[in-house]
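Colleague: I would like to learn how to read a model of this kind, one feature at a time. Could we begin with the idea of burial and then work through the rest?

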Amino acid sequence: MAKPDRRIQKTQEALKNAVIGLMGEKDFDNITIQDIADRANLNRGTIYLHYQDKYDLLDKLIESHINEIAEMDKWACDEDWMDAFIPYFEYFKQNHLFFSTMLTSKGAGPSYFRTRLLAHCIAGFQCEIDRESGKNNNLKDDVILQYAGTAYVGVIEWWIINGMPYPPEVMAKQVGALLERSL
């Protein structure tokens, strides 16, 4: 596999940082390519070398974070509920600017991100529904999954918006205990 060009990586990182910074100031729908180029200190043409438009840039940014989370999913299922969530909350904390921007900004982009994150969580919880103990008898899978996914995303949103009042370990234990009860 070819080693990625560091100049390309640096340019793409500058563009991603620019769009996130701008989203902290105004709605994504009101951000122009020129705004992004100016913030990244690049020419408009450079953006089009890497992305089709601002929506493609945002989509790639969202996709990269969803993929990072998906990588954690691969081994998290082997952990108990509380330990499994620690790396996720650490990741949310390390990427606070992205998550706070995406969960608090208005417009199509952030709405799309929240929808993607929720769908990812619901898909991840599908194999976690406890049918053996009887606690979920008479409950529909789609209702359980919607409830658990929405609760999880809502707690992440609350935690980030409120300045992460508890460390990732505390959040992981709290969320893990609550989801273990629900699923």
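Modeller: Let us start with the cut-off, since the reasoning rests on it: a residue is called buried when its relative accessible area is under 20%, exposed when that area is over 50%, and partly exposed in between. Please keep in mind throughout that this is a predicted model.

Colleague: With that cut-off in hand, is His 120 buried or exposed?

Modeller: His 120 has a relative accessible area of 18%, and therefore counts as buried. The residue is found in helix α8, and, leaving out residues up to four places away in sequence, His 120 touches Ile 66, Ile 69, Ala 70 and Asp 73.

Colleague: How many helices and strands does the protein chain have?

Modeller: The chain has ten helices and zero strands, so the order of elements from the N terminus is written α-α-α-α-α-α-α-α-α-α. The C-alpha trace spans about 60 × 40 × 30 Å along its principal axes, and 40% of the 183 residues count as buried. As for the contacts between residues at least 6 apart in sequence, 65% of them join residues that are at least 24 apart.

Colleague: What is the general idea behind a nonpolar core, and which residues touch the most other members here?

Modeller: In soluble globular proteins, nonpolar side chains tend to be buried together. In this structure the largest nonpolar core has 53 residues, and those touching the most other members are Ile 36, Phe 85, Phe 89, Phe 92, Phe 113, Phe 125 and Tyr 152. At least two residues of this core come from each of α1 (6–23), α2 (33–40), α4 (54–76), α6 (86–94), α7 (96–104), α8 (108–125), α9 (141–161) and α10 (168–182). The largest share, eight residues, is supplied by α9.

Colleague: Which residues does Ile 36 touch?

Modeller: Not counting residues up to four places away in sequence, Ile 36 touches Leu 15, Ala 18, Val 19, Leu 22, Ile 31, Ile 47, Lys 54 and Leu 57.

Colleague: What does the UniProt record place on this part of the chain, at residues 32–51?

Modeller: An unreviewed UniProt entry places the feature "DNA-binding region" at residues 32–51, and the annotation "domain: HTH tetR-type", likewise from an unreviewed entry, covers residues 9–69. A caution applies to both, in that such annotations may be inferred rather than shown by experiment. In the model, residues 32–51 are 75% helix and 0% strand, with the end C-alpha atoms 14 Å apart, while residues 9–69 are 75% helix and 0% strand, with the end C-alpha atoms 20 Å apart.

Colleague: How should I read a contact that links residues distant in sequence, and which residues is His 50 in contact with?

Modeller: It helps to set the separation along the chain beside the separation in space. His 50, which has its place in helix α3, is in contact with Ile 8, Thr 11, Gln 12 and Asp 56 once its neighbours within four places in sequence are left aside. Gln 12, found in helix α1, is 38 residues from His 50 in sequence, yet their C-alpha atoms are 7.4 Å apart in space. With the same kind of exclusion, of residues up to four places away, Gln 12 touches His 50 and Tyr 51. The relative accessible area is 22% for His 50, so this residue is partly exposed, and Gln 12, at 24%, is also partly exposed. By way of another pair, His 50 and Ile 33 are 17 residues apart in sequence and 12 Å apart from C-alpha to C-alpha.

Colleague: What about backbone angles: which phi does Asn 41 have?

Modeller: Asn 41 has a positive phi of about 60° although it is not a glycine. The residue is found in the loop between α2 and α3 (44–50), and at 70% relative accessibility Asn 41 counts as exposed. Met 164, again not a glycine, has a positive phi of about 50°, and lies in the loop between α9 and α10.

Colleague: Finally, how is empty space found, and which residues line the second largest pocket?

Modeller: Rolling a probe the size of a water molecule over the atoms shows where empty space is left. The second largest pocket holds about 230 Å³ of space, and its lining consists of Glu 13, Lys 16, Asn 17, Ile 20, Leu 61, Ser 64, His 65, Gln 94, Asn 95, Leu 97 and Phe 98. Helices α1, α4 and α7 each supply at least two of the lining residues, with α1 giving the most, four residues. By class, this lining has four nonpolar, five polar and two charged residues.

Key. Residues are numbered from 1 along each chain as its sequence is written. This is a predicted model: local features need pLDDT of at least 70, side-chain atom pairs count only at pLDDT 80 or more; totals for chains, interfaces and linings use all residues. Side-chain values use heavy atoms; hydrogens and water are left out. A nonpolar core is a set of buried Ala, Val, Leu, Ile, Met, Phe, Trp, Tyr and Cys residues joined through side-chain atoms within 4.5 Å. Buried means under 20% relative accessible area, exposed over 50%, partly exposed in between (1.4 Å probe, protein chains only). Contact means heavy atoms within 4.5 Å. On a 1 Å grid over the protein atoms alone, a cavity is a set of points where a 1.4 Å probe fits but cannot get out, and a pocket is an open set with protein on both sides within 12 Å along at least five of seven lines; lining residues have an atom within 4 Å of a point. Grid points are joined across faces, edges and corners, and a volume is the space filled by probe spheres set on the points. Ala, Val, Leu, Ile, Met, Phe, Trp, Tyr, Cys and Pro count as nonpolar, Asp, Glu, Lys and Arg as charged, and the others, Gly among them, as polar.
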